[in-house]
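Trainee: Please take one part of this model and go through it closely, then connect it to its surroundings. I am new to this structure.

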Amino acid sequence: MENLFGLTVGEIGVRCASLEIPSYRAKQIAEWMYRKGANAFSVMTNLPKSLRTELEQFFSIARAKCVERWDSSDGRTSKFLLEFSDGVAVETVLMRQPYGNSVCISTQAGCAMGCAFCASTLYGVSRNLTPGEMLDEVLFIDEKLRGENQKVDTMVLMGSGEPMMNYENVLAFLRLVHEPYCLNMGYRNIALSTSGVVPGIECLTEEGLPITLSISLHAPTDELRSMLMPINRKYGVQEVVAAGRAYAEKTKRRVTYEYILIRGVNDGEKEARELAALLKGQLANVNLIPINPVTERNWERPSEDEIQRFCCALERLHISATVRHEMGGDIQDACGQLRNRHLESGAFD
Ligand code: SAH
């Protein structure tokens, strides 16, 4: 039975037409699923009963199941493990920020990029998420917040997975959340983070959507970056930064370069100077992320002083830089950690 959840009004309309159901019903069905939290046709009270029965015979509304939940001790961060019908599970995080509720969503189950510091990639990628599954992550949180008279305000595609390796589905998902019959989310409230898959950045530049592009740079030279991120052997530092520059020029949106600080690896004065030279004159800012030590890896976080020194060095060189506010450290917020513990516990055996 085909799942209607995750389809656009146009796509639902095509399904309706095949059953000779008038096309205006498609919008009603979408609004029930996306705005009113309906997970069964039977509750769609403005549809004739006979139509509801007919829909039930041909279609389903399949939603993810929350199988685990962690809350940080300060109550600001909650992490959910959502399981889809085939047993694949992904992490979704809610961060209650001073400026609103932000959701961090996964675009793939696991990740194939192999970054040396990241937990998401330890078990490789199991599969791409569909637009409906990504929507499910956001709607799951939004529906929770509705109970508190709140909503999801901003969204970051920074959970597990490389969005550019699931490009078509990610774009379909972004367009869907933007629809007024869905979450009506402004593109300006969405950020997409990539490990630097240059053809993907170029396609996104062509789309011209005003979303914020984040590029995980983490090192200013090819030698160092290739050690941390295997993708750099395919698309080097210069090429990645050139693609970021083109994105900023086309969209007039400031590009964020993410830079994990790893003690003694990439946090020296030399790297700060190299990074500044690389980004000079670009509409960009650097987001410094003190590494979240992952038990499986041997990297260390610099001290507060060392972090500040790196940040100040960039600012002296006229590069705007911020240190990312740490949230949810006590619930293992680093990418993929929750899912890995779930895998290791044998939940998917
Ligand atoms: N694949 C995309 C998006 C997912 S990762 C990308 O690479 O950008 C989201 C961010 O979390 C990236 O900047 C990633 O480098 C960072 N990250 C991964 N592991 C981390 C860790 N152990 N500590 C801090 N940040 C980490």
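**The sheet and its surroundings**

Mentor: Strands β3 and β4 run antiparallel and are joined by 6 bridges. Two strands pair if DSSP finds at least two bridges between them. Strands (E, at least two residues) and helices (H or I, at least four) are DSSP runs numbered from the N terminus. This is a predicted model, in which local features need pLDDT of at least 70 and side-chain atom pairs count only at pLDDT 80 or more, while totals for chains, interfaces and linings use all residues. Residues are numbered from 1 along each chain as its sequence is written, and side-chain values use heavy atoms, with hydrogens and water left out.

Across the β3 and β4 pairing, Glu 68 has Leu 81 in β4 as its bridge partner. The two strands form a hairpin with 5 residues between them, and Gly 75 in that turn has a positive phi of about 75°.

The hairpin belongs to an open sheet of 10 strands with mixed pairing, in the order β3-β4-β5-β6-β9-β10-β11-β12-β13-β14. β3 (65–71) and β14 (321–323) are its edges; each has a single partner strand, so one side of each is left without a neighbour in the sheet. On average, neighbouring strands are turned by 20° against each other, direction ignored. Axes here are lines fitted to C-alpha atoms, for helices over the stretch in contact, and angles run from 0 to 180 degrees between N-to-C directions.

Further along the order, strand β10 (residues 190–194) and strand β11 (residues 212–216) run parallel, joined by 4 bridges. There Ala 191 stands opposite Thr 212 in β11. In the loop between β11 and α7 (222–228) is His 218, whose phi is near 70°, a positive value in a residue other than glycine. Most residues other than glycine have a negative phi. His 218 counts as buried, at 4% relative accessibility; buried means under 20% relative accessible area, exposed over 50%, and partly exposed in between (1.4 Å probe, protein chains only).

Lys 252, in the loop between α8 (237–251) and β12, also has a positive phi, near 60°. Lys 252 is exposed, with a relative accessible area of 64%.

Helix α4 (residues 131–146) lies across β3, β4 (77–83), β5 (89–97), β6 (100–104) and β9 (154–157), and runs at about 45° to β5. Contact, in this description, means heavy atoms within 4.5 Å. In the loop between α4 and β9 is Gly 147, which is exposed with a relative accessible area of 70%.

α4 is also among the elements against which the buried residues of α2 pack; the others are α1, α3 (49–58) and α5 (167–178). Of the 11 residues of α2, 8 are buried, so α2 is largely enclosed by the rest of the structure. Among them are Ile 29, Trp 32 and Tyr 34.

Ile 29 and Tyr 34 return in the largest nonpolar core: of its 107 residues, Ile 29, Tyr 34, Phe 173 and Leu 314 touch the most other members. Domain 1 (2–60) and domain 2 (65–345) both give residues to this core, so it lies between them. A nonpolar core is a set of buried Ala, Val, Leu, Ile, Met, Phe, Trp, Tyr and Cys residues joined through side-chain atoms within 4.5 Å, and the domain bounds come from an automatic or database domain assignment. The C-alpha centres of the two domains lie 34 Å apart, and their contact takes 13 residues from domain 1 and 12 from domain 2.

Aromatic rings are the last topic. Rings of Phe, Tyr and Trp (its six-membered ring) pair if their centres lie within 6.5 Å; planes under 30 degrees apart count as stacked, over 60 as edge-to-face and the rest as tilted. By this rule there are 5 aromatic pairs. Phe 5 and Tyr 34 are edge-to-face, at 5.5 Å centre to centre and 75° between the planes. Tyr 259 and Phe 310 have ring centres 5.2 Å apart and planes at 25°, so that pair is stacked. This second pair leads back to the sheet: Tyr 259 is in strand β12 (residues 255–261) and Phe 310 in helix α10 (residues 304–316), 51 residues apart.
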